[in-house]
Amino acid sequence: MIRTVNLSKIFRTDEVETTALNKVSFEIQEGEFVAIMGPSGCGKSTLLNIIGMLDNPSGGEYYFLDKEISRFTEKQRANLRKQNIGFVFQNFNLIDELNVFENVELPLIYLGYNTSERKKRVEEVLEQMQIIHRKKHFPLQLSGGQQQRVAVARAVVSKPHLILADEPTGNLDSANGEEVMNLLESLNKNGTTIIMVTHSQRDAEYAGRIIRLFDGQIINENINASKMAV
C-alpha cells in the first residue's frame with residue numbers, strides 16, 4: 001500500500017536549515033497496524049503528514065497505492081487523500097458548532113454522498129462506536145473519551161483504506177485511552193490499515209510492527225510477535 005524511498009524533509013528559514021527526515025525508506029502492506037515511535041522532534045509527525053498528503057517531501061519518492069505522490073499537485077493530493085485516508089488527532093479536531101451527527105457526516109458531504117446514504121452510514125458508524133445516543137450533542141457536551149470516539153467515527157465513515165492516528169490517546173485518561181485503542185484494533189482486524197504515531201509503549205503494543213525514529217532516521221523496526229500470532 002505504502003512505500004517510501006530515501007524520503008527527506010528539510011525546513012528552511014533565512015538563518016536555519018533543519019532536517020526533519022533523512023532518507024527514510026520503508027514499506028507498509030495493506031491491513032497492517034504500524035506504530036511509529038521516537039522522542040519529540042524526531043520527525044514522527046512530519047512523516048505522518050507526508051504519508052497523509054498534507055505536506056510534500058523535499059526529496060525521495062513516496063508511493064501510495066502504486067502511485068508516486070511526491071510530485072502531485074495539491075488538488076491531486078487532496079482528491080486522493082479524501083477518497084482513501086481518515087485522520088484521528090490527539091486534540092480530536094471536532095467542529096464545536098456542529099453536533100456529533102454533523103461532525104461525522106462532514107467527510108461524506110465532501111465526497112458527494114446523497115442525504116439518505118449519509119444518514120445510513122453515519123448512524124451505522126455511530127452504533128459501531130457506541131456513541132449513537134449522543135448524536136444530537138455538541139462536542140463540548142462530551143467527555144474526552146466520547147469526543148475521540150466521534151473523531152474515530154468521522155475517520156472511518158467513508159470506509160478509507162488507511163487511518164492515520166497522531167497520538168490518539170494523548171489527551172485521554174488510561175481507561176478512555178484503552179477504549180480508543182480497542183476501537184482501532186477492532187477496525188484493523190476488520191481490514192483497515194492503521195499507522196499510528198505514539199509516545200506510549202502500551203499503545204504501541206496494539207500494533208503488529210513498531211518503527212522507531214531518531215533524528216529523522218529509522219533506527220530499528222520490531223515485529224510484535226504476539227500480534228502476528230493472532
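Welcome to a quick tour of helix packing and one pocket: α5 passes α6 in a right-handed crossing. The residues that make this contact are Gly145, Gln148, Arg149, Val152 and Val156 on the α5 side, with Asn176, Glu179, Val180, Leu183 and Leu187 on the α6 side. Please keep in mind that this is a predicted model. Helix α5 also packs with α3, and α3 in turn packs with α4.

**α5 with α6**

- Helix α6 covers residues 174-189, and the axes of α5 and α6 lie 9 Å apart at an angle of about 15°.
- Because angles under 35 degrees count as roughly parallel, α5 is roughly parallel to α6.
- By residue type, the contact of α5 with α6 divides into five nonpolar, three polar and two charged residues.

**α3 with α5**

- Here the two axes come within 7 Å, and α3 and α5 cross at roughly 30°.
- That angle makes α3 and α5 roughly parallel to each other.
- The crossing in which α3 passes α5 is right-handed.
- On the α3 side the meeting residues are Val100, Asn103, Val104 and Pro107, and their partners in α5 are Val150, Ala153 and Arg154.
- Sorted by type, the contact of α3 with α5 holds five nonpolar residues, one polar and one charged.

**α3 with α4**

- Helix α4 runs over residues 115-128, and its axis is 9 Å from that of α3, at an angle of about 125°.
- The pair α3 and α4 is therefore oblique.
- As α3 passes α4, the crossing is right-handed.
- From α3, the residues Val100, Phe101, Val104, Glu105, Leu108 and Ile109 take part; from α4, they meet Arg118, Lys119, Arg121, Val122, Glu123, Val125 and Leu126.
- In the contact of α3 with α4 there are eight nonpolar and five charged residues, with no polar ones.
- Val100 and Val104 of α3 meet residues of α4, and Val100 and Val104 also meet residues of α5.

**The largest pocket**

- If you are thinking about empty space, the largest pocket has a volume of about 470 Å³.
- Its lining has 18 residues, and Ile85, Phe87, Pro107, Tyr110 and Arg154 are the closest to the pocket centre.
- Four elements each give at least two residues to the lining: α2 (74-84), β6 (85-89), α3 (100-110) and α5 (144-156).
- The lining divides into eleven nonpolar, four polar and three charged residues.
- Two of the residues closest to the pocket centre, Pro107 and Arg154, also belong to the contact of α3 with α5, Pro107 from α3 and Arg154 from α5.

Methods
Residues numbered from 1 in each chain as written. Predicted model: local features only at pLDDT ≥ 70, side-chain atom pairs only at ≥ 80, totals over all residues. Heavy atoms only, no water. 1 Å grid on protein atoms, 1.4 Å probe; cavity = no way out; pocket = protein on both sides within 12 Å on 5 of 7 lines; lining within 4 Å. Points joined across faces, edges and corners; volume = space filled by probe spheres on them. Nonpolar A, V, L, I, M, F, W, Y, C, P; charged D, E, K, R; others polar. Axes fitted to C-alpha atoms, helices over the stretch in contact; angles between N-to-C directions. Parallel < 35°, antiparallel > 145°, perpendicular 65-115°, else oblique. Left-handed = near helix turned anticlockwise from the far one by under 90°. Contact = heavy atoms within 4.5 Å.
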